[in-house]
Amino acid sequence: MSTALIWGASGGIGRALVALLHSHGWTVGAVSRHPHDLADLTDFRYEADAADAFSVQQAVYRAAQELPAVDLWLYAAGDILSSPVADLAPADWKRILDANLTGAYTSTHLSLPLLAERAHLMYVGAYSEKLRLPGLSAYAAAKAGLEAFAAALAKEQRDRRVTVVRPGAVDTPLWTKMPLRLPRGASSPATLAERMLEAYQAGTVGTLDL
Ligand SMILES: NC(=O)c1ccc[n+]([C@@H]2O[C@H](COP(=O)([O-])OP(=O)(O)OC[C@H]3O[C@@H](n4cnc5c(N)ncnc54)[C@H](OP(=O)(O)O)[C@@H]3O)[C@@H](O)[C@H]2O)c1
């Protein structure tokens, strides 16, 4: 049986991944700021705010006591806001960078001892070069940084696989934070989760546009 640890597990994409892997018989650890809402999907729920290294450490410590070695480690936390730089408050910049980039570093750094020798680390990124749009400076910078982080990590963790998945539009609550309508033809989180599982099974590494 395989084991996954999913960060951002209460989000649209994170929850779909927890549900899919659970339905395939995986042991799934789920990390969220409010993990009680995952009680129907897994017994291995951990509370952490990716912006708070101490809470991430506590979640990792608990996961280490309960979970077998992790085969698929997946960072699906993220946050977005639309604001021109002129109006972008330092706290909002920090929130977006924490959720999309610094949290990915912190949770990776603290989780590495939990991983199986040949584990797969997956990060949910975005089409960062297409996001260099007015209002999206923080989000675009964070997602570009995430890709650079993962590329360097892959060269360090040579026995492990590292992938940045870049989805197109997915129908999740993230879109309620944007002054844009969800595009027609957006994927469902369940469909994206299926494709991410296929990427894991195929051993896909590097940047993967889905
Ligand atoms: N939806 C899309 O069209 C789309 C497209 C490309 C990429 N993505 C990326 O996909 C990832 C998942 O997004 P989603 O669409 O599933 O959005 P979502 O439903 O809003 O989920 C995002 C999750 O991240 C969590 N989160 C945010 N900041 C956090 C923090 N500091 N600590 C811990 N958790 C935090 C949120 O927690 P709370 O529930 O506590 O707020 C939420 O559960 C994000 O990285 C997003 O950028 C999404």
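How far is an oxygen atom of the ligand from an N or O atom in the side chain of Lys143? The separation is 2.7 Å. The model is predicted, and this briefing covers the ligand site, helix H4, two buried polar residues, the nonpolar cores and three further positions. Lys143 recurs below: it is a buried residue of H4, and its side chain also makes a polar contact with that of Asn100.

**Ligand site**

- There are 27 residues around the ligand, and those that come nearest are Ala50, Tyr139, Lys143, Val170 and Thr172.
- The side chain of Tyr139 has an N or O atom 2.5 Å from an oxygen atom of the ligand.
- For the side chain of His34, the corresponding distance to a ligand oxygen is 2.8 Å.
- On its own the ligand has 880 Å² of accessible area, of which the protein covers 90%.

**Helix H4**

- H4 spans residues 137-156, a run of 20 residues.
- From the first C-alpha of H4 to its last is 29 Å, close to the 28 Å expected at 1.5 Å a residue.
- Buried residues of H4 are Ala138, Tyr139, Ala140, Ala142, Lys143, Leu146, Glu147, Ala150 and Leu153.
- Among the elements that cover these buried residues are H3, S5 and S6.
- Two of the buried H4 residues, Tyr139 and Lys143, are also among the residues that come nearest to the ligand.

**Buried polar residues: Asp79 and Asn100**

- Asp79 sits in the loop between S4 and H3.
- With a relative accessible area of 7%, Asp79 falls under the 20% limit and is therefore classed as buried.
- The side chain of Asp79 makes a polar contact of 2.7 Å with the side chain of Arg95.
- A further polar contact, of 2.8 Å, links the side chain of Asp79 to that of Lys177.
- Beyond its neighbours within four places in sequence, Asp79 is in contact with Arg95, Ile96, Ala99, Asn100, Tyr139, Leu174 and Lys177.
- Asn100 belongs to helix H3.
- Its relative accessible area is 1%, so Asn100 is buried as well.
- The polar contact between the side chains of Asn100 and Lys143 is 3.0 Å.
- Not counting residues up to four places away in sequence, Asn100 touches Tyr75, Ala77, Gly78, Asp79, Tyr139, Ala142, Lys143 and Leu146.
- Tyr139 thus appears in the contacts of Asp79 and in those of Asn100, and its side chain also has an atom 2.5 Å from a ligand oxygen.

**Nonpolar cores**

- The largest nonpolar core has 41 residues, of which Leu5, Trp7, Trp73 and Tyr123 touch the most other members.
- Two or more residues of this core come from each of strand S1 (3-7), helix H2 (53-66), strand S4 (70-75), helix H3 (90-111), strand S5 (115-124), helix H4 (137-156) and strand S6 (161-166).
- H4 gives the largest share of this core, with seven residues.
- Leaving aside neighbours within four places in sequence, Trp73 is in contact with Leu5, Trp7, Ala104, Ser107, Thr108, Ser111, Leu115, His120, Leu121, Met122 and Tyr123.
- Another core, of 29 residues, lies apart from the largest one and includes Ala4, Leu21, Val124 and Tyr200.

**Positions in the S2-S3 loop**

- Pro35 is in the loop between S2 and S3, and Leu41 is placed in the loop between strand S2 (27-32) and strand S3 (44-47).
- Pro35 is at 9% relative accessibility and so counts as buried.
- Outside the residues up to four places away in sequence, Pro35 touches Arg45, Tyr46 and Glu47.
- From Pro35 to Asp98 is 63 residues in sequence and 19 Å in space, C-alpha to C-alpha.
- Leu41, at 11% relative accessibility, also counts as buried.
- With residues up to four places away in sequence not counted, Leu41 touches Arg15, Val18, Ala19 and His22.
- The C-alpha atoms of Leu41 and Ala154 are 31 Å apart, for residues 113 places apart in sequence.

**A partly exposed position in H2**

- Ala64 is in helix H2.
- At 45% relative accessibility, Ala64 lies between the 20% and 50% limits and therefore counts as partly exposed.
- The C-alpha atoms of Ala64 and Pro113 are separated by 8.5 Å, although the two residues are 49 apart along the chain.

Key. Residues are numbered from 1 along each chain as its sequence is written. This is a predicted model: local features need pLDDT of at least 70, side-chain atom pairs count only at pLDDT 80 or more; totals for chains, interfaces and linings use all residues. Side-chain values use heavy atoms; hydrogens and water are left out. A nonpolar core is a set of buried Ala, Val, Leu, Ile, Met, Phe, Trp, Tyr and Cys residues joined through side-chain atoms within 4.5 Å. Buried means under 20% relative accessible area, exposed over 50%, partly exposed in between (1.4 Å probe, protein chains only). Helices (H or I, at least four residues) and strands (E, at least two) are DSSP runs, numbered from the N terminus. Contact means heavy atoms within 4.5 Å. A residue is near a molecule or strand if one of its heavy atoms lies within 4 Å of it. A polar contact is a pair of N or O atoms within 3.5 Å; within protein, one must be able to donate a hydrogen and the other to accept it, and residues adjacent in sequence count only if both atoms are side-chain atoms. Accessible areas come from the Shrake-Rupley method with a 1.4 Å probe; for residues, only the protein chains shown count as cover. The expected span of a helix is 1.5 Å times one less than its number of residues.
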